[in-house]
Amino acid sequence: MENTEDDVFKQAPVIVDCDVLEAAKENIQPLASGRRVTTLSAILQTPHAQRDVQLLAARKRFRTNIQIALEDEDDDPLEAYSRFVQWTLENYPQGQSAESGLLELLEEATRVLKDNREGRWKGTSMYLKLWVLYASYVEKPTIIYKFLLANDIGTDHALLYEEYAAALERAGRRSEADAAYLLGIARQAFPLDRLVAKHGEFQKRMMTAATMPLQRAPNAPPRRTALGVTSSSSAAVPLFVSNSQAPSSSSQSDAHGSRPGPRLGTNARLQIFVDPSGAESADGTDSVTPYPDIGTRKSRVKENIPEVSKAAGSTLKQAGRTRRIASGLNSGAIAPKIVPFRDPGPDMDIEAKVVMAPPPVPMSRQKGAVPKTPTRTSAIIPFHDVPDGGGIPSTPQFTPFRDEPEINTSAATIAPEAVMKPKTVGGGPVIESEAEALRKDPLKNYSTEECPRDD
C-alpha cells in the first residue's frame, strides 16, 4: 500500500450545479471573453439578502481603492477602475441594470481619466477598451468614436478603427466605414496586419452584397402568368381545346412516353354526368323492384291524420278519474269525500267538543293579557315609561354635535414647491434615470465644444 501525503494547499474541486445555470440562463448576458462557471454558480446560489450585503461591501472597497489611487501620484487609477468594471461584469450577470450601475460607472471612468495627470491614459489600450465597452451600451456609438478621434484617444490602436467601421456598417453607412478603415491604415495603427485583414473582409462583404440578386420573400404571392399560357409548357396553349385537337395532343403525349388522353387547358369545362333515359334505361331496369308503387301523398301521411268518428254515444276517457278509481280499488275502499267543518252544537258530547275545539286566540288579541317576562337568556329588554317626577332614566351618555369654528383658508399653510409640483400635460419634461439619459446622450457631461455632431 502506497503512503501518500495530502497536500494541504490543494483545494478540492468545486462541484457546480448546472441546473441552477440552466434555470437562469435567460438572465445572463454573454461576454466575448466568456464567464467563469464557479462565479456564476456562487452568485445564483446565494440568497438575495446575503448577496446584496456582500456586493455592497465589495463596492465600498472598490470605491475606496479608486479614491486612494486618484489621490496618490504613484498609484494607477486606470487599473483601479478597470478592476471595478471587470468585477461588475462578473458579479452582475444581467449586465446593465439599476443594481449594477455599469453604464454610470463606465461614463465616470472615461470622463475622470480623460484629463487625469495631463492625459496620461489617452494612448493606452486599457483606457480605449473602457470607451469601446461604453459605446456598446449607448444608442448611437458613432458619436463616441468621433469624440475619440477628435480628442486623440486611442488613435494608435487598430481597435478604434475596427469598432468605428463596424458601427458604421451596422448603420448602413458603408462608404464611411470604408473611409474609417483607410484612415487607420494610413495612420499605421497597431496591429496593422489585423486592420488590413479586417478591411479586406469588409470589401468582400460589400462586393457580395452588390452582386447578390434580390431574393424573393418566402411569403410573397406567386407571379401571375399571362392568360392562355400554362405553367408546365413553354409554348402557348389555348385555354379551351377543341375535339379536333385532342387526338393530335394525345398522339404527341404517346410519342414522348407520357400518359395518354387529351390535355385540357387551365379553365377547360367540366364534363357533366347525365342519367340515361328512355330506351337506354330500359336495359338497366329489367329486374322487378319490391315496391313497384309508392302510393299517393295522402296515403303516405296517414299516420299524421286522426281517425274521424261520430261523437254521439261515445264516452270520453278521463285519465284522472281512472287513476282515482284504480287507487281506490287497490286500497280496498273508495276514498271518502271531503268533510266540511261545522260548529259544535249544545247537544254534542264532550269528546266531540274536544275534537272540534276552535283554534286558540292569539295573545295580542286577548283583553287584559299581561306579556310574559323575558328570561335571563333573552337579549331583548322591554322599555318602561318613567312616571312623572320619577327622575331621569339611565341612558348612555350622548355627546351633542357642535359646528366646528370657521377656518380661514387664506391663512392655510401652502406646501413648498419641492414637494408638490403641477403635473405637466402633453409634451412636458419627463424625469428619467441617469442610465437612460446616458444611453441617449453619452456625452451629456461634456461641454458643447468637445462634443462632435453625428450626421
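These are my notebook entries on aromatic pairs, helix packing and loop residues in a predicted model.

**Entry 1. Aromatic pairs**

I searched the whole structure for aromatic pairs and recorded 10. I then looked at one of them, Trp131 with Phe147, whose ring centres lie 5.5 Å apart and whose planes stand at 45°, a tilted arrangement. I noted where the two residues sit: Trp131 belongs to helix H6 (residues 125–135) and Phe147 to helix H7 (residues 141–150). They are 16 residues apart, and the pair links distant parts of the chain.

I asked whether Trp131 is buried or exposed. Its relative accessibility is 0%, so Trp131 counts as buried. Phe147 also has a relative accessibility of 0%, and therefore Phe147 counts as buried.

I turned next to Tyr145 and Tyr164. Their ring centres are 5.9 Å apart and their planes meet at 35°, so I entered this pair as tilted. Tyr145 is in helix H7 and Tyr164 is in helix H8 (residues 158–170), so this pair ties together parts 19 residues apart in sequence. I found both Tyr145 and Tyr164 to be buried.

Finally, I traced how ring pairs connect with one another. They link Tyr127, Trp131, Tyr134, Phe147 and Tyr446 into a cluster. Trp131 and Phe147, the tilted pair described above, are thus recorded again as members of this cluster.

**Entry 2. Helix H5 and its surroundings**

I listed the buried residues of helix H5 (residues 102–112). They are Leu102, Leu103, Leu105, Leu106, Glu107, Ala109 and Thr110. I then asked which helices the buried residues of H5 pack against. The answer is helix H3 (48–71), helix H4 (77–91), H6 and helix H16 (434–440).

For my own understanding I added a general remark. An α-helix has 3.6 residues a turn, so residues three or four places apart point the same way.

**Entry 3. Helices H8 and H9**

Two packed helices are described by the angle between their axes and the distance between the axes. I looked up both values for H8 and helix H9 (residues 174–186): the axes come within 8 Å and cross at roughly 170°. Because angles over 145 degrees count as roughly antiparallel, I entered H8 as roughly antiparallel to H9.

I also wrote down the residues that meet. From H8 they are Tyr161, Glu162, Tyr164, Ala165, Leu168 and Glu169, and from H9 they are Glu176, Ala177, Ala180, Tyr181, Leu183 and Gly184. The residues of this contact divide into 8 nonpolar, 1 polar and 3 charged. Tyr164 takes part in this contact and also in the ring pair with Tyr145.

**Entry 4. The loop between H5 and H6**

I examined three residues in this loop, beginning with Asn116. Asn116 has a relative accessibility of 14%, which means that it counts as buried. Leaving aside neighbours within four places in sequence, I found Asn116 in contact with Leu70, Pro77 and Trp121.

Arg117 is in the loop between H5 and H6. Arg117 is not a glycine, yet its phi is positive, at about 55°. Glu118 lies in the loop between H5 and H6 as well, and its phi is also positive, at about 60°, although Glu118 is not a glycine. At 81% relative accessibility, Glu118 counts as exposed.

**Entry 5. A cis peptide bond**

My last search concerned the peptide bond that joins Phe190 and Pro191. This bond is cis, with omega about -10°. Pro191 is found in the loop between H9 and helix H10 (192–211).

Terms used:
Residues numbered from 1 in each chain as written. Predicted model: local features only at pLDDT ≥ 70, side-chain atom pairs only at ≥ 80, totals over all residues. Heavy atoms only, no water. Phe/Tyr/Trp six-rings, centres within 6.5 Å; stacked < 30°, edge-to-face > 60°. Helix = DSSP H or I, 4+ residues; strand = E, 2+ residues; numbered from the N terminus. Buried < 20%, exposed > 50% of the residue type's maximum accessible area, 1.4 Å probe, protein only. Contact = heavy atoms within 4.5 Å. Axes fitted to C-alpha atoms, helices over the stretch in contact; angles between N-to-C directions. Parallel < 35°, antiparallel > 145°, perpendicular 65-115°, else oblique. Nonpolar A, V, L, I, M, F, W, Y, C, P; charged D, E, K, R; others polar.
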